[in-house]
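Let's take a walk through this one together, starting with the whole chain and then stopping at a few spots. Have a look at it first.

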Amino acid sequence: VSFRTSTSDLAQSTQSGQTASGIRHLTDALPLGGGLVIYAGDGSIVGGIGISGAPGPDLDEICAQDGLDAIADEKVLVHWEEEHGEDAVYIINKANE
């Protein structure tokens with residue numbers, strides 16, 4: 001979520017020789033498929049989902065997308081930290097296109 005992209009896209013954009021390759025040297029970044037951004041119906045980012053354990057990152061991402069598809073168009077309560085004041089209800093987008 002910090003990079004506002006899927007981890008498979010991050011893996012591609014941080015390959016050796018790419019402008020963003022330095023991201024691979026960060027200790028808390030994992031540029032490997034399996035992580036997707038969760039968007040609300042209005043296109044805003046509300047979270048992320050990360051899957052690991054399949055025989056490859058491409059399969060992890062498919063599993064993550066299947067999870068998002070399962071809750072698509074559902075109302076989801078999101079609890080904000082104190083600085084945001086209130087909880088919010090979002091409708092999750094199946095795809096942010």
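What share of the residues of the chain count as buried? The chain has 97 residues, and 27% of them count as buried. Keep in mind that you're looking at a predicted model.

Now for the overall layout. You'll find two helices and four strands here, and if you follow the sequence from start to end, they come in the order α-β-β-α-β-β. Among the contacts with a separation of 6 or more, 39% are between residues 24 or more positions apart. As for the outside, the chain exposes about 6,700 Å², with carbon and sulfur atoms supplying 49% of that area.

Let's start near the beginning, at Ser6. This residue sits in the segment before α1, the helix that covers 7-13. Is Ser6 buried or exposed? Its relative accessibility is 10%, and because buried means under 20%, Ser6 counts as buried. Its side chain has polar company, too: a polar contact of 3.3 Å links it to the side chain of Ser8, and a polar atom of the Ser6 side chain lies 3.1 Å from the backbone nitrogen of Asp9. Leave aside residues up to four places away in sequence, and Ser6 touches Gly35, Leu36, Val37 and Glu61.

Next stop, Gly33. You'll find this glycine in the loop between α1 and β1, the strand that spans 35-39. With a relative accessible area of 11%, Gly33 falls under the 20% cut-off and is therefore buried. Which residues does Gly33 touch, not counting those up to four places away in sequence? They are Thr7, Ser8, Pro57, Asp60 and Glu61. Take Asp60 from that list: Gly33 and Asp60 are 27 residues apart along the chain, yet their C-alpha atoms are separated by 6.7 Å. Glu61 may ring a bell, as it's also one of the residues that Ser6 touches.

From the loop, move on into β1 and its partner. How many bridges join β1 to β2? Five of them do, and the two strands run antiparallel, with β2 made up of residues 45-50. Val37, which we met as a contact of Ser6, has Gly48 as its bridge partner in β2. The hairpin of β1 and β2 has five residues between the strands, and in this hairpin Gly43 takes a positive phi near 90°.

Terms used: Residues numbered from 1 in each chain as written. Predicted model: local features only at pLDDT ≥ 70, side-chain atom pairs only at ≥ 80, totals over all residues. Heavy atoms only, no water. Buried < 20%, exposed > 50% of the residue type's maximum accessible area, 1.4 Å probe, protein only. Polar contact = N/O pair within 3.5 Å; in protein donor to acceptor, adjacent residues only side chain to side chain. Contact = heavy atoms within 4.5 Å. Pairing = 2+ DSSP bridges. Areas by Shrake-Rupley, 256 points an atom, 1.4 Å probe, with all protein chains shown as cover.
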